[in-house]
Amino acid sequence: MLTCQCARKLTGVSIGGGPVGSLIAYQLARFGCQPYLIEQEDKRELPCYGRATTLWPRSIELLDQIDLAECLIQKGVATRHGLHFQDGKRIKGGLMYGSRMDRLGDTFYQFALHLRQRLTEQEFTEALKEYNFEHHVKTKLEGYTVNASNEEYPITVQVRDLVKDEVYDVQTKYLIGADGGHSQVRKLSSIPFEGASTAHRWIRMDAHVKTNMPNPRCLNSIDSPTHGQILWCPNDNGLTRIGYVFSKDLLDRYGGEDKITTDDVIREAKEAVRPFTLDVIDVDWWTIYGIGQRIADTFATHGNRVFLAGDACHTHSSGSAQGLNTGIHDAINISWKLALTLRGLAKEVLIDSYDKERRPVVQQVIDNDKTISMLISGQYPPRFAGRKENTWYGSACKVQLTYSGSTPTISAVSVVNREMQGLSRATVNPGERGPDVYLTMIGTGDPVRLHVVLKNEAKFSIVVFAGYPVHTRPSLAGFEASLSAFKARFPKHKAMFHWTTIPAVSGNGGQEVLGPYHPIGKVYLDERVKAHEMYGVDPMHGAVVIFRPDGWIGTVLGIEEASAGALTAYFEDLLF
């Protein structure tokens with residue numbers, strides 16, 4: 001559970017201390033709030049368990065924008081390719097996890113990153129120390145009440161100190177449950193958690209191994225006639241994650257889950273990867289678990305005072321490695337919205353968008369996961385009814401369900417992602433991820449990535465794609481002159497907005513290339529017109545692109561005097 005104290009007044013948020021909860025706490029601290037994290041376990045006393053192990057490119061991008069990607073990259077293993085095997089031979093197609101990720105295009109993170117969840121948690125926790133943050137471990141959520149008449153601190157949380165065996169109250173503004181699939185916050189909130197489970201069981205093990213499999217440090221997969229599709233994933237510290245289906249026949253043979261030993265897991269792993277050989281040097285961790293998909297009826301309740309994130313509001317199989325990735329997206333989405341709200345800068349509609357944006361995306365992930373997990377377990381999904389392949393698994397998987405690793409959109413058009421009136425000035429759309437691209441720094445000529453320029457500081461980034469200044473100077477001058485009224489409308493604009501100007505030219509200085517137009521914010525050069533091209537901006541006309549703090553596009557405007565009014569109209573619905 002997390003309570004947080006804003007820079008000016010006491011507020012509160014409750015969460016668990018796993019990777020999603022720690023990530024929310026880190027961001028709140030980064031964005032000017034002082035989080036107070038409550039966690040039942042002291043994880044410093046726990047072993048470095050496996051669990052989630054793969055981060056996809058879009059998740060890495062999001063972490064990069066809050067300065068957490070590099071520390072994970074230094075600890076993990078990156079894979080750009082994957083091989084798919086059947087009967088000891090490489091085959092094309094099939095259910096592949098990360099094939100040719102070097103072809104993803106407009107991201108610089110063209111790889112999957114693998115490291116055990118505990119290491120990810122440790123890095124998030126270490127990052128919090130920069131803000132003099134203290135984890136309050138061995139404390140447990142007992143309950144909470146909501147008093148709607150208390151507008152300032154409507155939530156009272158009862159917390160048990162497990163060391164002293166004492167219960168104390170915390171009054172808070174907000175409560176976030178990121179306390180796992182058995183979430184106490186969700187149960188106390190009486191939020192239904194509907195879904196389905198199957199009789200299948202999967203094994204996951206982390207081990208040091210030797211094998212004659214080609215390219216064993218790639219993210220590989222193997223079709224097995226007895227163990228479903230085999231996951232073969234390189235992991236940190238020289239480990240390999242091996243996953244396979246533990247069928248009902250195997251469960252019966254070994255007398256049930258409780259009777260399975262490490263030796264049994266190794267024995268079946270060797271059978272699963274045949275005809276390749278497998279020499280297991282040691283096993284770091286293993287687990288057997290059931291498969292199911294569940295989603296909470298809502299991710300927010302009590303008038304957007306209580307929220308759920310991560311496994312607390314959605315669970316799915318590890319078949320497409322989406323659990324932690326989806327939780328990271330939850331954490332990123334809610335944190336900047338909550339920070340702006342706590343600091344008195346945002347209207348209620350902004351935090352209300354958390355459930356509206358995240359739940360449809362998660363539902364899509366779960367729907368896809370149902371298909372993938374059935375294929376891995378050797379069953380035909382309902383949409384494959386009538387197919388007549390002879391083999392129970394291998395042929396069913398030849399449906400080209402290759403995961404690209406990038407999330408193109410966050411939601412449908414909403415108050416946060418919407419088209420404004422007027423002519424379209426770019427081909428990117430509200431709600432889409434903003435592509436990454438190299439710009440050029442003035443003076444040094446060093447390349448700098450756009451995503452680095454647009455760090456997530458809980459501010460909206462207003463980026464002026466200035467095009468060719470020789471053609472756009474009149475429009476730029478009119479736009480600049482009209483911004484005084486916009487800034488007057490938002491007197492706290494310095495805390496809300498980050499400005500950047502990108503002209504499509506070479507030159508020795510911002511003022512130098514823009515002429516009488518005074519640059520807004522810092523200037524970076526688009527010398528090869530690549531950024532304008534990637535965003536679909538005509539350099540003869542230019543455009544203004546508004547990026548949300550999390551890097552998705554909020555709206556797109558033209559460069560003209562009237563655009564300042566459209567800018568005001570967009571933000572008036574969101575900010576004070």
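Counting rings of Phe, Tyr and Trp (its six-membered ring) as paired when their centres lie within 6.5 Å, the structure holds 21 aromatic pairs. This is a predicted model, in which local features need pLDDT of at least 70 and side-chain atom pairs count only at pLDDT 80 or more, while totals for chains, interfaces and linings use all residues. Residues are numbered from 1 along each chain as its sequence is written, and side-chain values use heavy atoms, with hydrogens and water left out.

One of these pairs joins phenylalanine 307 to tyrosine 354, with 5.9 Å from centre to centre and 80° between the planes, an arrangement called edge-to-face (planes over 60 degrees apart; under 30 degrees would be stacked, and the rest tilted). Because phenylalanine 307 belongs to strand E19 (residues 306-308) and tyrosine 354 to helix H9 (residues 348-376), the pair ties together parts that are 47 residues apart in sequence; helices (H or I, at least four residues) and strands (E, at least two) are DSSP runs, numbered from the N terminus. Phenylalanine 307 and tyrosine 354 are both buried, that is, under 20% relative accessible area, against over 50% for exposed and in between for partly exposed (1.4 Å probe, protein chains only).

A second edge-to-face pair is formed by phenylalanine 460 and phenylalanine 571, at 5.1 Å centre to centre and with 80° between the planes. It links distant parts of the chain, since phenylalanine 460 sits in strand E23 and phenylalanine 571 in helix H15, 111 residues apart. Both phenylalanine 460 and phenylalanine 571 are buried, and they belong to one aromatic cluster together with Trp336, Phe486, Phe490, Phe497, Trp499 and Tyr570.

Strand E23 leads on to the sheet. Seven strands form this open, mixed sheet in the order E22-E21-E25-E24-E23-E26-E27, where two strands pair if DSSP finds at least two bridges between them. Its edges are strand E22 (447-449) and strand E27 (553-557), each pairing on one side only. Within the sheet, E23 (residues 460-467) runs antiparallel to E26 (residues 543-547) and is joined to it by five bridges, with phenylalanine 465 standing opposite alanine 543 in E26. Helix H15 (residues 563-572) lies across E23, strand E24 (497-503), E26 and E27, and runs at about 155° to E27; contact means heavy atoms within 4.5 Å, and axes are lines fitted to C-alpha atoms, for helices over the stretch in contact, with angles from 0 to 180 degrees between N-to-C directions.
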